[in-house]
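Please open the structure in your viewer and keep the selection panel at hand. The tour below goes from one selection to the next and says what is found at each stop.

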Amino acid sequence: MVDREVWLFPGQGAQRVGMGRDLAERFREARDVFEAADEALGTALTKIMWEGPAEELTKTHHAQPAILAHSAAVVAVVRAHGIARPAVAAGHSLGEYSALVASEALPATAAAGLVRRRGELMLEAGHLRPGKMAAVLGLPGAEVEAACREASSSDEVAVPANFNAPDQTVVSGDPAAVERAGAACQARGARRVVPLKVSGAFHSPLMAPAQDPLAGELAEAPFGDPAVPVMANASAEPVTTAERARVMLVEQLTSPVRWVGCVEAAAEHVGEGATWIEMGPGTVLTGLLKRIVPGASARNLGTADDLTRFLGAVA
């Protein structure tokens with residue numbers, strides 16, 4: 001274990017055509033992870049990851065296992081070179097599953113199947129009750145939360161879905177309520193309100209139909225107790241048992257991603273001087289980290305070149 005490292009794992013939106021191909025070409029451990037994911041899912045996920053088209057990769061039930069497989073491949077390479085695990089792990093939305101893989105609570109193949117099913121269930125819930133999401137920029141989260149309360153009614157709801165940074169919160173819910181919440185945020189001084197291209201109102205009460213089916217899938221999955229604490233999105237508190245991990249993953253569907261709280265709790269756990277490593281595609285979480293913990297030492301491990309430089313420095 002590396003006492004001063006926090007591993008971060010990205011969520012949906014980090015996918016891109018070609019993701020992970022360089023890892024498979026350069027590292028046997030990564031190639032093994034991708035091949036195992038294809039076999040476990042019974043589909044050529046890697047073909048979609050590496051060749052697209054982008055419209056296919058962006059579909060929720062493809063994007064989620066693709067991002068998880070990419071993150072798991074990075075973990076496998078790092079682990080093979082002597083870095084077994086961090087001091088604490090955290091993942092954004094579906095990234096919580098990747099964090100549980102890194103903590104050795106869940107095999108990567110089982111996690112890939114779970115997030116694909118999660119994506120299917122979220123898509124189905126979005127069809128049952130279509131929703132909308134929008135990012136609010138330049139307004140404190142508490143103000144966004146108040147605007148959502150004002151905009152909601154007995155029939156239509158708007159809620160904070162992602163507390164991504166002190167001044168960036170995503171709103172989710174029924175389309176009309178989200179529109180009203182966006183207008184209320186602008187009236188309160190928001191710099192911008194940006195509609196998001198999504199297939200449902202994620203992390204809101206509109207995802208409730210997905211909870212019971214996902215709970216059934218999680219109950220059958222081969223969980224163990226995490227070897228290191230994993231910060232739960234729904235509570236921003238550390239998860240240390242398999243039972244609690246299952247509960248929090250179900251709650252996560254309809255609860256906001258308390259990312260600011262997760263990062264702050266992880267920072268308190270490791271203290272000053274820690275190294276933060278984003279493992280997987282993209283650099284979104286590293287960017288958010290700098291706005292939550294100014295001056296944090298961070299790096300990204302998403303490409304083969306990233307890993308080669310990192311492993312050379314460690315050696």
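Which residues of H11 are buried? They are Ala 242, Ala 245, Met 248, Leu 249, Val 250 and Gln 252, where buried means under 20% relative accessible area, exposed means over 50% and partly exposed lies in between, all with a 1.4 Å probe and protein chains only.

Before going further, note that this is a predicted model, in which local features need pLDDT of at least 70 and side-chain atom pairs count only at pLDDT 80 or more, while totals for chains, interfaces and linings use all residues. Residues are numbered from 1 along each chain as its sequence is written, and side-chain values use heavy atoms, with hydrogens and water left out.

**The whole protein**

Show the full chain as a cartoon, and 14 helices and 10 strands appear; helices (H or I, at least four residues) and strands (E, at least two) are DSSP runs numbered from the N terminus. The C-alpha atoms fill a box of roughly 55 × 45 × 35 Å along the principal axes. The radius of gyration, taken over C-alpha atoms, is 19 Å, which agrees with the value near 20 Å for a compact globule of 315 residues; the globule rule is 2.2 Å times the number of residues to the power 0.38. Of the 315 residues, 55% are buried. Among contacts (heavy atoms within 4.5 Å) between residues at least 6 apart in sequence, 75% join residues at least 24 apart.

**Helix H11**

Now select residues 242-252, which form helix H11, and display what surrounds them: the cover of the buried residues of H11 includes H6, helix H7 (108-128), helix H10 (211-220) and strand E8 (238-239). Within H11, pick Val 247, which counts as partly exposed because its relative accessibility is 35%. A distance drawn from the C-alpha atom of Val 247 to that of Val 6, which is 241 residues away along the chain, comes to 23 Å.

**Helix H6 and the loop before it**

Move next to Ser 98, found in helix H6, which is buried because its relative accessible area is 3%. Leaving aside neighbours within four places in sequence, Ser 98 is in contact with Phe 9, Leu 68 and Ser 71. The C-alpha atoms of Ser 98 and Ser 204, which are 106 residues apart along the chain, are separated by 22 Å.

Then select His 92, which sits in the loop between strand E2 (88-91) and helix H6 (95-102). His 92 counts as buried because its relative accessibility is 13%. Not counting residues up to four places away in sequence, His 92 touches several residues, including Phe 9, Pro 10, Gly 11, Val 257, Trp 259 and Leu 285. The side chain of His 92 is joined to that of Asn 164 by a polar contact of 2.8 Å; a polar contact is a pair of N or O atoms within 3.5 Å, and within protein one must be able to donate a hydrogen and the other to accept it, with residues adjacent in sequence counting only if both atoms are side-chain atoms.

**Helix H5**

For the last stop, select Thr 60, which lies in helix H5 (residues 60-80) and is buried, with a relative accessible area of 6%. Its side chain makes a polar contact of 3.3 Å with the side chain of Ser 199. Showing the other partners as sticks, and not counting residues up to four places away in sequence, Thr 60 also touches Gln 12, Pro 65, Gly 119 and Phe 202, among them residues to label in the viewer.
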